Amino acid sequence: MIKQLSQRLLGPVTLLLLVLTFWLGLWVTPPDRIQGNLVRMLYVHPAVAWVALYVSFGTATIASVLYLWKRTRSGTLDRVAHCAMEVSVVFIVLTLITGSIWGRPTWGVWWAWDARLTSTAILGVLAIGYLALRRANDDPVLRARRSAVFAIVSAINVPIIHFSVQWWKTLHQGATVFTSNRQLLVHGSMAWTLLLSFLGFTLLFFWLLRARYRLEVLREETQRATLDLALEMRQREGAR
Amino acid sequence: MPSTETSELSPVAPPKSTSRSRWRSMGVLVVLAAAIIVLLSQGILHSLNYFETVDQALHQRALLGTRVFRIEGVVKPGTITRTSSGASFVLTGPKDHEVFVDAHGSPPQLFQSDIPVVVVGHFTSPTSLDFDGSQILVKHTATYIAAHPHRVKAPNRTTR
């Protein structure tokens, strides 16, 4: 009952939160002391990056770990990892695009080869590589195992991206929401809108993941049905 | 034609899917490795440590000579002069070391006093503290504070 209700409400709640975020971000929150109206990108870019790096790539990694663990191994986990990685690619590309759009007027350049940007681009290549690796394998068991290992190895890049602004000198700003000593750097209504954007985009990820998962199940069912039909037709031909 | 029927019904060898999959996977991994090497080499070539601070640049002054690098510091208030080719200003480091910068090209939208910037360029001579910049990049902080441009309004609704 609760599960059904939450599944039904996921889409409308996501939409509501995103509309609220955009309304607050575009019309209600004040311009920044230095960045002026450019600060409105704050309600999109960090949240999109959060989903790309931690939520979606994290989901794909956890599902891959659980798949490789014999006790929890199942086709469902492989499917979840695959779908989460596909959504991750979308969010990584969005992270790079929104970052560029924000970077041009603030930094003065669309792109800089600093540690944060380079490592994020590498994560994008790894995520696309994961999908390519899946397509390269015909055997479902082998495909699931190889891609799970690849996802786990690729996940090493996530902490590198996270700490890149501390380990190296980057053009990209430091941690956005909290400093290393847990001090909030974003003030007033800007902070609440930022947190709302994180929630909205996180729910958007789960909504997309659910939709993609259902599509994958349907695709597999259709494939199985087509194969059954082909076998049946072959058998009939043989009987004749 | 019995010979043809026999050949059609005889079992055929299963496709070598595992071997083909392995080769395709290897191909994907090779392309991936090449892409990552290209990205990494770009990152390393353009240096993962994106800049030298004013203090670090002055500490390595002899080593840097007149080679091109990126210098980072805060624009000293009251030192910005718009020139025909760009802007000149004084860049300060955390230990109050100063470098005079003469930058060419239009500065970014956010360029202003008391803001951290990264300037691409080189020292004008092996011993000089004057920096010839070809590009200014604004390095904004992660602090976001609301501006209040319309806080005080006159009765005629104009802003003061």
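In which loop of chain B is B:Asp114 found? In this predicted model, B:Asp114 sits in the loop between E5 and strand E6 (116-123) of chain B, and the account below returns to that residue after describing the two chains, their contact and the core.

**The two chains**

Chain A contains seven helices and zero strands, so that its elements, read from the N terminus, run α-α-α-α-α-α-α. Its C-alpha atoms fill a box of roughly 80 × 40 × 35 Å when taken along the principal axes. Chain B, by contrast, has a secondary structure of four helices and seven strands, which follow the pattern α-α-β-α-α-β-β-β-β-β-β along the sequence. Chain B is also divided into domain 1 (16-48) and domain 2 (52-138), and the centres of these two domains, taken over C-alpha atoms, are separated by 39 Å.

The table sets out burial and contact range for each chain; the last column refers to contacts between residues at least 6 apart in sequence.

| Chain | Residues | Buried | Contacts joining residues at least 24 apart |
|---|---|---|---|
| Chain A | 240 residues | 39% of residues | 77% of contacts |
| Chain B | 160 residues | 22% of residues | 47% of contacts |

As to confidence, chain A averages a pLDDT of 91, and 96% of its residues score at least 70. Within chain A, the lowest confidence falls in helix H1 (residues 2-28), with a mean of 90, whereas the highest falls in H2(A), at 96.

**The contact between the chains**

The contact between the chains draws on 44 residues from chain A and 34 residues from chain B. On the side of chain B that touches chain A, helix H2 (17-45) and strand E7 (130-138) of chain B each supply at least two residues, and the largest share, twelve residues, comes from H2(B). By residue class, that side of chain B comprises 20 nonpolar, twelve polar and two charged residues.

**The nonpolar core**

The largest nonpolar core has 73 residues, of which A:Val51, A:Ala81, A:Ala84 and B:Val119 touch the most other members. Helix H2 (residues 45-68) of chain A gives the most to this core, contributing twelve residues. In soluble globular proteins, nonpolar side chains tend to be buried together. Leaving aside residues up to four places away in sequence, A:Val51 touches A:Ser56, A:Phe91, A:Phe201, A:Thr202 and A:Phe205.

**Helix H5 of chain A**

Helix H5 (residues 140-154) of chain A has 15 residues and should therefore span 21 Å at 1.5 Å a residue, which agrees with the 21 Å between its end C-alpha atoms. The buried residues of H5(A) are A:Ala144, A:Arg146, A:Ser147, A:Ala148, A:Phe150, A:Ala151 and A:Ser154, a list that includes A:Arg146 alongside alanine, serine and phenylalanine residues. An α-helix has 3.6 residues a turn, so residues three or four places apart point the same way.

**B:Leu64 and its surroundings**

B:Leu64 belongs to helix H4 (residues 61-64) of chain B. Is B:Leu64 buried, exposed or partly exposed? Because B:Leu64 has 18 C-beta neighbours inside 10 Å, and a residue counts as buried from 20 upward and as exposed at 12 or fewer, B:Leu64 is classed as partly exposed. Residues up to four places away in sequence aside, B:Leu64 touches B:Ala57, B:Phe69 and B:Phe123. Of these partners, B:Phe123 lies 59 residues away from B:Leu64 along the chain, yet the C-alpha atoms of the two are separated by 8.2 Å.

**Two aspartates with positive phi**

Two loop residues of chain B share a backbone feature. B:Asp96 is found in the loop between strand E4 (86-92) and strand E5 (98-104) of chain B, and its phi is near 65°, a positive value in a residue other than glycine. With 9 other C-beta atoms within 10 Å, and therefore within the limit of 12 or fewer, B:Asp96 is exposed.

B:Asp114, in the loop between E5 and strand E6 of chain B, likewise is not a glycine and has a positive phi of about 60°. Its count of 11 C-beta neighbours inside 10 Å also falls within that limit of 12 or fewer, and B:Asp114 therefore counts as exposed.

Terms used: Residues are numbered from 1 along each chain as its sequence is written. Chains are lettered from A and ligands numbered from 1 in the order in which they are written. Domain bounds come from an automatic or database domain assignment. Two residues are in contact if their C-beta atoms, placed from the backbone, lie within 7 Å. A nonpolar core is a set of buried Ala, Val, Leu, Ile, Met, Phe, Trp, Tyr and Cys residues joined through C-beta atoms within 7 Å. Ala, Val, Leu, Ile, Met, Phe, Trp, Tyr, Cys and Pro count as nonpolar, Asp, Glu, Lys and Arg as charged, and the others, Gly among them, as polar. pLDDT is the predictor's confidence in each residue, from 0 to 100. The expected span of a helix is 1.5 Å times one less than its number of residues.
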